[in-house]
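Please describe this structure for someone who is seeing it for the first time, moving from a single residue out to the sheets, the helices and the chain as a whole.

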Amino acid sequence: MFKLRAKEMFAAFMERMMDLFTLAHFFKLIGTVAIIFVAWIIYRLILRRVKKIPAEKMSAQRSLIITKIINYAFYIILIMYVLSVFGVKLSAIWGAAGVAGVAFAFAAQTSVSNIISGIFVISEKALKVGDLITVGSESGIVDDIGLLSVKVHTLDNQMVRIPNSAIINTNLRNTSYFSQRRMTISCSVGYEIDLNFALETLKKAPEYCPIVLQDPAPAFWIDGFGASGINLVMAIWFDAANFLEAKNQAFIAIKRVFDEAKIEIPYNKIDVKIYSK
C-alpha cells in the first residue's frame, strides 16, 4: 500500500514537472539566464572600472565603500528579478518588509547609527587605510573602513573593531594624517651648569641625527626649574614614517653632545661620606 502511494506521488510530481518544462518555459529560462549573464558582465565591468580609478582621484577607503555598495545593489536587484520571473509579487514582499522594517528599526538603532556615522567618517576623510589612529583607549593601524565599523590592528597585532558612532562621538587622533611630525624631548642639566653653554651644546644634537629635518628647523628652550636640575627642551621635525628611528637618534645624540661637553644629566643618587674620628 505504501509503495503504491509512493508511486502515485512520484508520478504526480513527474507530471507536474513535465507541465513546467514547456517550450514557452524553456525560452523563458534561456532569456532569464541570458539577462543574468549580461547583468553579471556589466557588474564586473563596473567593478573593474572603479578599481582602476587612480588613488589621487579616489581614496582607497572610498573605492572600498563604493565596491561594497555596488555588490549589495547587484545582488538585491538580481534576487528581485529572479523572484519576479517566478511570479512572486514584489508588492506583497514590500508590504511585509514595511511591517517588519518598523520592528527591525527599533531593534537595530545602534546599527543605523553606525551606518549614518560611517557615511560621515567616509565623507570627512579624517582617516584612511594604513593610518595609525587613536580612539578613546584604543590605538592601531586601520585595516578596513566599513559602513558599520573601522577595523584596526594594534601595534602588538590584535584586531580591534571600533564602531563608527564611537569615532564620531569621541576625539579621533590620526597620527599619520600629516606627512611630517614634531617630537619634543626634555632633558636636565645641573644648577651649576651655565645655561647658555648648555643650550649651545644641546643645539649640536640634531647634527648627529640624519633623519631630523632642517625645515622646519629644530627649536630649543629652557622649560623651568626641576627638583634636581634645570629642564631643557629640544623640538625636532621628521617624516612620520621615521618616528622610532628619529626618537632613537635624538636620545643618542643628546647623550653624546653632553658627554663631549662634560655636562652631567642629573639623576637620583646617594652620596655616602665616611668620617673617621
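Thr134 has Arg173 in strand E5 as its bridge partner, and Thr134 itself belongs to strand E1. The model in which this pairing is found is a predicted one. With a relative accessibility of 23%, Thr134 counts as partly exposed, because buried is reserved for residues under 20% and exposed for those over 50%. Setting aside neighbours within four places in sequence, the contacts of Thr134 are Ser139, Asn171, Leu172 and Arg173. A further reference point is Thr154, which is 20 residues from Thr134 along the chain and has its C-alpha atom 10.0 Å from that of Thr134.

The bridge between Thr134 and Arg173 belongs to a wider pairing, in which E1, covering residues 132-135, and E5 run antiparallel and are joined by 3 bridges. Both strands are part of an open sheet of 5 strands, arranged in the order E4-E3-E2-E1-E5 with antiparallel pairing. Strand E4 (159-163) and strand E5 (172-174) each have a single partner strand and stand at the edges, so one side of each is left without a neighbour in the sheet. When direction is ignored, neighbouring strands of this sheet are turned against each other by 40° on average.

A second sheet, also open, consists of 3 strands in the order E6-E8-E7, and its pairing is antiparallel. Here the edges are taken by strand E6 (180-189) and strand E7 (219-225), which have one partner strand each, so that each is left with one side lacking a neighbour in the sheet. From one strand to the next, the twist averages 25°. Strand E8, made of residues 230-239, runs antiparallel to E6 and is joined to it by 10 bridges, and Gln180 stands opposite Asp239 of E8.

Two helices are packed in this part of the model. Helix H7, residues 195-202, packs on the sheet and touches E6, E7 and E8, while helix H8, residues 243-260, lies across E6 and E8. The angles that describe these arrangements are set out below.

| Pair of elements | Angle between directions |
|---|---|
| H7 and E8 | about 20° |
| H8 and E6 | about 30° |
| H7 and H8 | about 135° |

How are H7 and H8 placed relative to each other, as parallel or oblique helices? Two packed helices are described by the angle between their axes and the distance between the axes. For H7 and H8 the angle is about 135° and the axes are 9 Å apart, and the two helices are therefore oblique to each other. The crossing in which H7 passes H8 is right-handed. On the H7 side the residues that meet the partner helix are Ala198, Thr201 and Leu202, and on the H8 side they are Ile254, Val257 and Phe258.

Taken as a whole, the protein chain holds 8 helices and 8 strands. It has 277 residues, of which 27% count as buried, and its accessible surface comes to about 19600 Å², with 64% of that area belonging to carbon and sulfur atoms. Among the contacts between residues at least 6 apart in sequence, 62% join residues that are at least 24 apart.

Definitions and conventions
Residues are numbered from 1 along each chain as its sequence is written. This is a predicted model: local features need pLDDT of at least 70, side-chain atom pairs count only at pLDDT 80 or more; totals for chains, interfaces and linings use all residues. Side-chain values use heavy atoms; hydrogens and water are left out. Helices (H or I, at least four residues) and strands (E, at least two) are DSSP runs, numbered from the N terminus. Buried means under 20% relative accessible area, exposed over 50%, partly exposed in between (1.4 Å probe, protein chains only). Contact means heavy atoms within 4.5 Å. Accessible areas come from the Shrake-Rupley method with a 1.4 Å probe; for residues, only the protein chains shown count as cover. Two strands pair if DSSP finds at least two bridges between them. Axes are lines fitted to C-alpha atoms, for helices over the stretch in contact, and angles run from 0 to 180 degrees between N-to-C directions. Angles under 35 degrees count as roughly parallel, over 145 as roughly antiparallel, 65 to 115 as roughly perpendicular and the rest as oblique. A crossing is left-handed if the near helix is turned anticlockwise from the far one by less than a right angle, and right-handed if clockwise.
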